[in-house]
There are 2 protein chains.
Amino acid sequence: MSLEKVLAHIDADQNAAIERLKDLLRIESISTDPAYAQECDKAADWLVEDLKSIGFDASKRPTTGHPMVMAHGAQENGTHVLFYGHYDVQPVDPLELWDNPPFDPQVEDTPNGKVLRGRGTSDDKGQLMTFVEACRAWKTVTGELPTKVSIFFEGEEESSSPSLIPYMNANKDELRADIALICDTGMVERNTPSIVTMLRGMVKEELTIIGPNKDLHSGMYGGPSINPIRVLTKALGDLHDDTGHVTLEGFYDGVDELPENIATQWKNLDFDGAKFLSEVGLSKPAGEEGRSVLEMIWSRPTAEVNGIWGGYTGEGFKTVLPSEAHAKVSFRLVGQQDPDKIQAAFRAHVKSYLPEDCSVNFHDGSGDNASNMAIDHPAFETARYALSDEWANEGVFVGCGGSIPIAGHFQDIIGIESLLIGFGQDDDSIHSPNEKYDIRSFHKGVRSWARILAALA
Amino acid sequence: MSLEKVLAHIDADQNAAIERLKDLLRIESISTDPAYAQECDKAADWLVEDLKSIGFDASKRPTTGHPMVMAHGAQENGTHVLFYGHYDVQPVDPLELWDNPPFDPQVEDTPNGKVLRGRGTSDDKGQLMTFVEACRAWKTVTGELPTKVSIFFEGEEESSSPSLIPYMNANKDELRADIALICDTGMVERNTPSIVTMLRGMVKEELTIIGPNKDLHSGMYGGPSINPIRVLTKALGDLHDDTGHVTLEGFYDGVDELPENIATQWKNLDFDGAKFLSEVGLSKPAGEEGRSVLEMIWSRPTAEVNGIWGGYTGEGFKTVLPSEAHAKVSFRLVGQQDPDKIQAAFRAHVKSYLPEDCSVNFHDGSGDNASNMAIDHPAFETARYALSDEWANEGVFVGCGGSIPIAGHFQDIIGIESLLIGFGQDDDSIHSPNEKYDIRSFHKGVRSWARILAALA
């Protein structure tokens, strides 16, 4: 009976919940740019105050980077869940492609219903607030939470989480729970709630190829002088063969075929790969020949150049031979691929392209394993049933192309599994201009967590 | 006998000549920046007045950009020479790297002798004044010029000369002469006067590869979505093979081996390719295997990426799959290479790398032929002997890796050959902070022109 009242309260309180979310969205918490450090701090403060207002023992925890937020509910009984989200957001450039200011969120009507538009609406402020609002509703209606709840918010997820592992290692006891809940993923389809059980890992590398000791004029030096852009384009251009395979030595070690039951679930999903690609102007899958689009996103590894620059990039022309050329490269990992081996193979690949007059610097490489959840843990089916009660279609176990390293850290450091349940849609434009979150995702997301909390209790 | 007196006068008048040059150098005639348009005009006026003071019929000629200066000497007999130079200069940024204000020229002592330091000292005000001072000396000592002299100064050489071709086409008759003299090049070595007889041409291309219709998140789309940086790096990385050859179809059509006599002259030059490269931190020539460094700079064509950019290039990391990737590419041409064919071959090369989901835009491509002087014209040997009389070493015919389009225009539009004779040194830092011109180059340059005028008469 309580659950029905809680759900009714969520419905009645929807507009107020949106206003609270807008407050959080107005804070420009771009974690990767040091110029926004104070804004990150402000977002953490806002969350601490909001959680205190609904009875959590909440506090900001300093790190060498942006602070963590930790909160514990007063309820001591029931399954202990630890909810994770991140309050930091991606940069907003290119700013000129936004129809409205990214940090002035507005509700808009669209053919698919109302959306909230702005940076962080979907990734991840809107999503993390679905859980906070579910807690608020339980507390408001019943005076308490239905089970034991702890909350853990991070402010560096969009900038490689440099403080996360040290913090988790130093606070293992406080972070221990029966299961983690993570709201930073999407739904495979508008009516199908999805629990992610496979997450790709990632290796990131930034590199600089160095040739001559200064920028040269190509009239005076062009010909005998090596151009580091030539070396960089050759090394990166050879990362893929003509069939979309990555050419690094040993790259596919640890990449397994899907288990039969998961392969069957995926085949039955109402997912149209051609439509998925056509929405971004593409028609031909660019990954390994013979694989489905879902496999390419969820269960196959990738190599991508995320940024490249060198020489003169302004208006007009400058016939310069630059001294340096740069790139940012990442690899999405699956199964048992070893990040250290992938990094070593990439570095060896680049070095094999270096002529004797060039050198290479690798900066701040980092890697995370792919994560595979133990779906025989009973919470997985419990949550799936609770989601099926809220949405038109039954809940499904899916993969996720992105890296959510926290799920692996919960396994490795705390020793718990994670239920990755999110309500993002494919067209949310996360990390892009005009990011949005469906009001329906937000509202039914809050209701979903209210159900899951009751079911897990 | 007159020549000896003229040379003696040049020696006696040296300090006054330097003061006149300093006057011209103080005018901030940066042609590429509209803020300096009045200064360009002032430099043209200064030259008109100076030429009038030594008996030239001189005037400023308006264009849609900066004015030309035209002047004709009173002497009607003898070989008709048309002297070309440019009064505009490069921008001075980064200003903080100059040891003294760029437009307050000063004579300095250096281990290699006195130099005049300041923007335009070598490129090209100091060089053009070597010719004006030679005319002044002849006029002062003998009351007339030794031969028929016309002068043509441009004010847009450092900003792509937008008015040059229209002006030359509209003034063909007035520009017609027996031979052009151009003072905008350097000496192959401090004691070896050099006549440039081969100039490389150039094709410039800027291109954009377009993939998905917006920037994508590599977690959500990485695998099935084509990354335009992958296409760009592959296309550009394959522009050279492992032996330094350019791979474009038909690229070497029209590239000839050096004539025997020129090849011998070059081999005998006191030019140390290893030293040339070591000064910029390099040791191994990056051009076609089996070619000398001088050939690579002067007589072999190149392909270079002068700029490349795409994706996220700021601090930190952003796992974006960009919608677009960009590059600026140039080709230095030699011999009879056809700029239109090279451009077409490059565009075909890029298109052959495009998957069906990518498109390419080429922006503002432009091309200039290489220029090869007809060195059997008698003026070439005449000038070479005159130079040999002035300098310690004999004059030589050399190449030039850069493009000096005016020489090609004199051939194509006016139908005359050019004697490219300049006195710049490799360490003049043209286009860079702390540009200088050796006082020795200036003084012996004036004396060289005095001799050449007499010899050509």
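**Strand pairing and nonpolar cores**

In this predicted model, B:Ser194 has B:Val396 of E16(B) as its bridge partner. That pair belongs to the parallel arrangement of strand E8 (residues 194-199) of chain B and E16(B), which are joined by 5 bridges. Strand E16 spans residues 396-400 of chain B, and 4 of its 5 residues are buried, so the strand is largely enclosed by the rest of the structure.

Next comes a sheet built from both chains. It is open and holds 8 strands, in the order E14(A)-E9(A)-E13(A)-E11(A)-E11(B)-E13(B)-E9(B)-E14(B), with antiparallel pairing. At the edges sit strand E14 (359-368) of chain A and strand E14 (359-368) of chain B, each of which pairs on one side only. On average, neighbouring strands here are turned by 20° against each other, direction ignored. Within chain B, strand E11 (residues 302-311) and strand E13 (residues 324-333) run antiparallel and are held together by 8 bridges; in one of these strands, E13(B), B:Ser330 is the bridge partner of B:Glu304. Helix H12 (residues 339-352) of chain B lies across strands E9 (201-210), E13 and E14 of that chain, and runs at about 165° to E14(B).

As for the nonpolar side chains, the largest core counts 250 residues, and A:Leu181 and B:Leu181 are the ones that touch the most other members. Leaving aside residues up to four places away in sequence, A:Leu181 touches A:Val81, A:Phe83, A:Phe131, A:Leu419 and A:Ile421. Another core, of 5 residues, lies apart from the largest one; among its residues are A:Leu216, A:Tyr221, A:Val320 and A:Leu321. In soluble globular proteins, nonpolar side chains do tend to be buried together.

Notes
Residues are numbered from 1 along each chain as its sequence is written. Chains are lettered from A and ligands numbered from 1 in the order in which they are written. This is a predicted model: local features need pLDDT of at least 70, side-chain atom pairs count only at pLDDT 80 or more; totals for chains, interfaces and linings use all residues. A residue is buried if 20 or more other C-beta atoms lie within 10 Å of its own, exposed if 12 or fewer, and partly exposed in between; C-beta atoms are placed from the backbone. Helices (H or I, at least four residues) and strands (E, at least two) are DSSP runs, numbered from the N terminus. Two strands pair if DSSP finds at least two bridges between them. Axes are lines fitted to C-alpha atoms, for helices over the stretch in contact, and angles run from 0 to 180 degrees between N-to-C directions. Two residues are in contact if their C-beta atoms, placed from the backbone, lie within 7 Å. A nonpolar core is a set of buried Ala, Val, Leu, Ile, Met, Phe, Trp, Tyr and Cys residues joined through C-beta atoms within 7 Å.
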